[in-house]
Amino acid sequence: FIANYMKGDEAAKIVIAHTPPDCGVFSEEQRVQYGDILHRNNVSLSVHGHVHTYDFVEDFDGYGFDYLRVAETKNRAMAIIDVEEDGTVEVNHAYY
């Protein structure tokens, strides 16, 4: 089902989901399935909230995509995601 929405050859694919795969809500099987689906579909970045803390991991669990958890806005924090023409994704954490 999900993989059908990710077909295509875009330079960069970014998936946004509320719950991150490493917060204890995902079972180990679901975490592996999530990583496999994103890897097979050449996703560049997986973006999440839910736990209200900033975290950025390159090559999440060895699946080839980067992982971003954004902080909560009450601390005046945000993530800025730049996607270059070549598909390179750059993430910056900023306070305002």
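The following is a short exchange about a predicted model of one protein chain.

Trainee: What should be known about the model and its numbering before reading values from it?
Mentor: In this predicted model, local features need pLDDT of at least 70 and side-chain atom pairs count only at pLDDT 80 or more, while totals for chains, interfaces and linings use all residues. Side-chain values use heavy atoms, with hydrogens and water left out, and residues are numbered from 1 along each chain as its sequence is written.

Trainee: Which pattern do the helices and strands follow along the sequence?
Mentor: Helices (H or I, at least four residues) and strands (E, at least two) are DSSP runs, numbered from the N terminus. The protein chain has two helices and six strands. Read along the sequence, the pattern is α-β-α-β-β-β-β-β.

Trainee: Is histidine 50 buried, partly exposed or exposed?
Mentor: Histidine 50 sits in the loop between β2 (45-48) and β3 (55-57), and has a positive phi of about 65 degrees although it is not a glycine. Buried means under 20% relative accessible area, exposed over 50%, and partly exposed in between (1.4 Å probe, protein chains only). Because its relative accessibility is 32%, histidine 50 counts as partly exposed.

Trainee: Which elements give two or more residues to the nonpolar patch?
Mentor: A patch joins residues with over 30% relative accessible area and no salt bridge (a side-chain nitrogen of Lys or Arg within 4 Å of a carboxyl oxygen of Asp or Glu); like charges are joined within 9 Å, and nonpolar side chains (Val, Leu, Ile, Met, Phe, Trp, Tyr) within 5 Å. Accessible areas come from the Shrake-Rupley method with a 1.4 Å probe, and for residues only the protein chains shown count as cover. Ile14, Ile16, Ile81 and Val83 make a nonpolar surface patch of about 340 Å². The elements that give two or more residues to the patch are β1 (14-16) and β5 (77-83).

Trainee: Why is the pair of phenylalanine 60 and phenylalanine 65 called tilted?
Mentor: Rings of Phe, Tyr and Trp (its six-membered ring) pair if their centres lie within 6.5 Å; planes under 30 degrees apart count as stacked, over 60 as edge-to-face and the rest as tilted. The centres of phenylalanine 60 and phenylalanine 65 are 5.8 Å apart. The pair is tilted because the planes of the two rings are at 35 degrees.

Trainee: What is the angle between the planes of tyrosine 63 and phenylalanine 65?
Mentor: Tyrosine 63 is buried, because its relative accessible area is 14%. The aromatic pair of tyrosine 63 and phenylalanine 65 is stacked, at 6.3 Å centre to centre. The angle between the planes is 20 degrees.
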